Amino acid sequence: QVQLVESGGGLVQPGGSLRLSCAASGSIFSINAMGWYRQAPGKQRELVAVATYGGSTNYADSVKGRFTISRGSANNMVYLQMNNLTPEDTAVYYCNADVSGRPNGPTYPYWGQGTQVTVSS
């Protein structure tokens, strides 16, 4: 079993910043990509940002220049620095990781429970 635990969400005023963290634990041999998704009320879950083990990153157009994703040195952590937040960023943010449990084994996607980010004055 693999567990992903997010933290760092909350209420922030427009223009403010938040930093989300996600820690992966359990039966992990390696983690390839780790990323953040979000789901606003009445909308589908969408990709926010992803970071691969090799260091490549990809961002949704709506967050480019404002959000920064990074991996921890132990490779089981992923962070999302969110700056200049707007009400349109309000959503539940989910951590995602592609995990392999053994050498040369298949990878499976795992999800955290989500953390609420609310941007409001």
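Strands, written β or E, are DSSP runs of at least two residues, numbered from the N terminus. In this predicted model, the chain holds eleven strands and zero helices. Read from the N terminus, its elements therefore follow the order β-β-β-β-β-β-β-β-β-β-β. The radius of gyration is 14 Å, close to the 14 Å that the globule rule gives for 121 residues, so the chain is as compact as a globular protein of that length.

Some values for the whole chain are set out below.

| Property of the chain | Value |
|---|---|
| Box filled by the C-alpha atoms, along the principal axes | roughly 50 × 25 × 25 Å |
| Exposed area | about 6,400 Å² |
| Distance between the mean positions of the 8 positive and 6 negative charges | 5 Å |

Carbon and sulfur atoms supply 48% of the exposed area. Of the 121 residues, 41% count as buried. Among contacts with a separation of 6 or more, 55% are between residues 24 or more positions apart.

In soluble globular proteins, nonpolar side chains tend to be buried together. The largest nonpolar core of this chain has 30 residues, and Trp36, Leu80, Met82 and Tyr93 have the most contacts inside it. Several strands each supply at least two residues of this core, including E1 (2-7), E4 (30-39), E8 (77-82) and E11 (115-119). The largest share, five residues, comes from E9.

Which residues does Met82 touch, not counting those up to four places away in sequence? They are Gly16, Ser17, Leu18, Leu20, Arg66, Phe67, Tyr93 and Val117.

How values were computed:
Residues are numbered from 1 along each chain as its sequence is written. This is a predicted model: local features need pLDDT of at least 70, side-chain atom pairs count only at pLDDT 80 or more; totals for chains, interfaces and linings use all residues. Side-chain values use heavy atoms; hydrogens and water are left out. Helices (H or I, at least four residues) and strands (E, at least two) are DSSP runs, numbered from the N terminus. The radius of gyration is taken over C-alpha atoms; the globule rule is 2.2 Å times the number of residues to the power 0.38. Buried means under 20% relative accessible area, exposed over 50%, partly exposed in between (1.4 Å probe, protein chains only). Contact means heavy atoms within 4.5 Å. Accessible areas come from the Shrake-Rupley method with a 1.4 Å probe; for residues, only the protein chains shown count as cover. Lys and Arg count as positive and Asp and Glu as negative; His and the chain ends are not counted. The place of a charge is taken as NZ of Lys, CZ of Arg, CG of Asp or CD of Glu. A nonpolar core is a set of buried Ala, Val, Leu, Ile, Met, Phe, Trp, Tyr and Cys residues joined through side-chain atoms within 4.5 Å.
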